[in-house]
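This briefing addresses cysteine pairing and a surface feature of the protein shown below. Please read it alongside the sequence and the structure.

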Amino acid sequence: MSAHPRAGGNAPPGASEPRPIFPVDMLPQGFVWRLVVFLGALTAVRLATVYFAGTDFFFDEAQYWAWSRDLDWGYYSKPPVIAWLIRAASEICGNGEACIRAISPVMHTATSVIVFLLTRKLFDARFGFWAAVVFATLPGISLSSTLISTDVPLLFFWALALLCLVKLLETRAWRWSVALGLTVGVGLLAKYAMVYFFLGLAVYMLLSPRARWLLTDLRGAMVLLLAGALLAPNVIWNLQHGFATFSHTADNANWSGSLGNPIEALEFFGAQFGVFGPLLFGILIWATWRAVREGWSDPYRLLLCFAVPVILLITVQAFLSRAHANWAAVAYVSASVLVAALMVERSARGWYAASFLIHLLALATISFGTVFAGQISLPGGKDPFARVLGWQAIAKGTEARFADGDFASVMTDRRSLAAELIYYLRDTDIPIARWRNEGPPSDHFEMTRPITAQTPEPVLLVTRRERIGSIGERFDSVTKLGQERFSAGPTDSRELHFYRLEGFRPAD
């Protein structure tokens, strides 16, 4: 693979002699040191954001923390790496929100470094610097840096796998085959979306004969063998738990509902302008169109193959059912390299500068909003942070009622409430159970913390429902204690209802 895009005819059509995008003379000499300074400053800002954040844990974050208290090879809705990372962080700096969320800016910085190494290998260090800056400042990365999610380790292992693949294709060395297999395997344990890597590789092999040797070579088999070996414990865990994670993943796809939703597809595709940035996503669309019309050789072809098929696949998924904006996040690792290389190659200083400023504005807005969450609202009166506010107050209100009523345990009928109460009551010895309806469990807490005949009574039920219906029918004594409204920002709130339950009767 060429060291520079101009070597071997790898430049895209119409490229001009590259010139600096904008001056970096104030930074240290050498693009490595410039990147160290930039990423160091960016990471410091993001760590300060999570440290001073005015937000509570979102219930997914609280759920991941709860998983980390019981390390395993799998959990109801996700594979285990997120829990392992949180447990490692909590052992280092405690269980506070800032410590757990600090994983994200640190790992995103590490991913940016890998993007630099990948781009330097495909092009040179100058291209690598600008590609790493593009990735590190993407609006989606800025938002992701304020919370802990499975996308954080997924993007890290995806970028590392791309680097290993490039090394393997260039050297055909066994060590890179082993490294690629291990990286893909751990990536699958981070999030099953890592399987899209094989989609990108398949498309690349279809379009590029130079990669097809992997189909018949033992090095290619080694990649699959090691990835499968690392995923095997999670598969065994799923076998032991009724394929819980696989079933949840299929439920997320939601193909059992009405198929054919053009509005969903348009909303997902439109959201990518926000995730990747409006100008950069526009450049990616243009690059794809030019590549289809005129054909590009490596490394641009490689980068497109690991970006465009994923975006198209998730757009189809959105059309068939639904898709969240972040479901195509892995595409933007190679896409960042691609658009940065094109802008540097074509001396598109104005485009880069405009995009960079837009992304810095998004970073500042996200950081400011996170720190001052609960103190601001949009012009229409809606608080953008309502979903991550008020949970700690609910936990304190629950603890007060628990103490006043001489209860023995707490039960809730929602995953969100269960996760938040488990996290924010972590320093108490209050047992927390989850109501489970008939049939298979629908979340991790229904699977691991269902109310049973052994649950201590009396039980304090915390629910968003005013009428508890079938829950009350399973207890001999049900007493309504009242309700309380908890603020979730300047304009939003949640009303909780409290019941005293005694005499639980398990279902036949």
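In which helix is the place of W33? W33 lies in helix α1, which covers residues 31–51. The model is a predicted one, and a search of the whole structure finds one disulfide.

**Surface patch**
- V32, W33 and V36 make a nonpolar surface patch of about 300 Å².
- W33, a member of this patch, has a relative accessibility of 54% and therefore counts as exposed, since exposed means over 50%.

**The disulfide**
- A disulfide is a covalent bond between the sulfur atoms of two cysteines.
- C93 and C99 are joined in this way, with an S to S distance of 1.7 Å.
- The torsion about the S-S bond of C93 and C99 is about 80 degrees, so the disulfide is right-handed.
- C93 is partly exposed, at a relative accessible area of 47%, whereas C99 counts as buried at 10% relative accessibility.

**C164 and C305**
- Why is the sulfur of C164 not bonded to that of C305? The closest cysteine sulfur to that of C164 is in C305, and the 19 Å between them is too far for a bond, because a disulfide requires sulfur atoms within 2.5 Å.
- Seen from C305, the closest cysteine sulfur is that of C164, again 19 Å away and too far for a bond.
- C164 is buried, with a relative accessible area of 3%.
- C305 is likewise buried, its relative accessible area being 4%.

Definitions and conventions: Residues numbered from 1 in each chain as written. Predicted model: local features only at pLDDT ≥ 70, side-chain atom pairs only at ≥ 80, totals over all residues. Heavy atoms only, no water. Patch = residues over 30% accessible without salt bridge, like charges linked within 9 Å, V, L, I, M, F, W, Y side chains within 5 Å. Areas by Shrake-Rupley, 256 points an atom, 1.4 Å probe, with all protein chains shown as cover. Salt bridge = Lys/Arg side-chain N within 4 Å of Asp/Glu carboxyl O. Helix = DSSP H or I, 4+ residues; strand = E, 2+ residues; numbered from the N terminus. Buried < 20%, exposed > 50% of the residue type's maximum accessible area, 1.4 Å probe, protein only.
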